[in-house]
Amino acid sequence: MQLQTNLQPIYTPHFKTSIKIVSTLNENYQTNQQSSAGKTKRLVLTQEGRTKLNLYPDRDFYAYPRFVTHVDEGFISTLTNLYRERLRPDMEILDLMSSWVSHLPSDVKYKRVVGHGLNAQELAKNPRLDYFVLKDLNQDQQFEFENCSFDAVICTVSVQYLQQPEKVFAEVFRVLKPGGVFIVSFSNRMFYEKAISAWREGIAYSRVQLVVQYFQSVEGFTEPEVVRKVPTANGARENKSPIGWIMRLLGLMSGSDPFYAVIAYRNFKPIQDD
């Protein structure tokens, strides 16, 4: 199916059974939905920090499907276990900047999982998605989802490509229900030419702090929680000296992909019953 080139829908949901567009742009929708978005308190990035080496549109870069995983099995296992701990089966989940795999626990059936990305072929292959939408978040940061639509939003190894992260995090706040969780995970891998300058030029510690600041730039998120798991090289005994601690903090001492996740909630963190 081919979209008309003169249309620019902000929301193109695709249902997995038929892979068809069921909604297009409502001209008044952005104005009506904007009122309850989380207020952006400040900008985190400079204009220079938002730049990329590859200036071609992201839709062109991601036009060809990549049916690969961009992190190793250790990272994926840690992420899946984190999802198992933080996400309940009754949740409605938005998988932001997704692809052909979501890394959600295979034995857990969630109420609804909606995918978002730039490549329809990848998203159509993802067995966890009930449907998906196509959107370039570097061009348009607003979805047509209703306010408070999701219990959780997840974003896996993709935050480094956002050129307007403050606006995207504010939009995530809007679509989250009160008490809803936003889990942003990443490692040290990236498409270098597509990552923003602030990410490319940083180290592990500064990248974690960058995502923390993205959360803090939006009024209403709880204080971000950081989860780290940095494996030692070749399974060697962990160096617990001050130098070893600093090297792990900088992401310089790892034989496999280091794991980082920054987590915050809209308004409050729910109390979980054990």
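Visitor: In this predicted model, what element is H116 found in?
Guide: H116 lies in strand β3, which covers residues 112-117.

Visitor: Why is H116 called buried or exposed?
Guide: The relative accessible area of H116 is 2%. Buried means under 20%, so H116, at 2%, is called buried.

Visitor: Which residues does H116 touch, beyond those up to four places away in sequence?
Guide: Among them are L94, D95, L96, M97 and S98, and also L123, V133, K135, L137 and F143.

Visitor: And what is L96 in contact with, leaving aside its neighbours within four places in sequence?
Guide: The contacts of L96 include H116, L137 and F143. V153, I154, C155, T156, V168, V172 and F182 are also in contact with L96.

Visitor: How do you know whether C155 is buried or exposed?
Guide: C155 has a relative accessible area of 1%. The cut-off for buried is under 20%, therefore C155 counts as buried.

Visitor: What makes C148 partly exposed?
Guide: Its relative accessible area is 31%. Partly exposed is the range between the buried limit of 20% and the exposed limit of 50%, so C148 is placed there.

Visitor: How many disulfides does a search of the whole structure find?
Guide: The search finds zero. A disulfide would need a pair of cysteine sulfur atoms within 2.5 Å.

Visitor: Which residues touch the most other members of the largest nonpolar core?
Guide: They are L96, F169 and F182, in a core of 46 residues. Helix α7 gives the largest share of this core, seven residues. A second, separate core has 26 residues, including L87, V113, F132 and Y265.

Note on methods
Residues are numbered from 1 along each chain as its sequence is written. This is a predicted model: local features need pLDDT of at least 70, side-chain atom pairs count only at pLDDT 80 or more; totals for chains, interfaces and linings use all residues. Side-chain values use heavy atoms; hydrogens and water are left out. Buried means under 20% relative accessible area, exposed over 50%, partly exposed in between (1.4 Å probe, protein chains only). Helices (H or I, at least four residues) and strands (E, at least two) are DSSP runs, numbered from the N terminus. Contact means heavy atoms within 4.5 Å. A nonpolar core is a set of buried Ala, Val, Leu, Ile, Met, Phe, Trp, Tyr and Cys residues joined through side-chain atoms within 4.5 Å.
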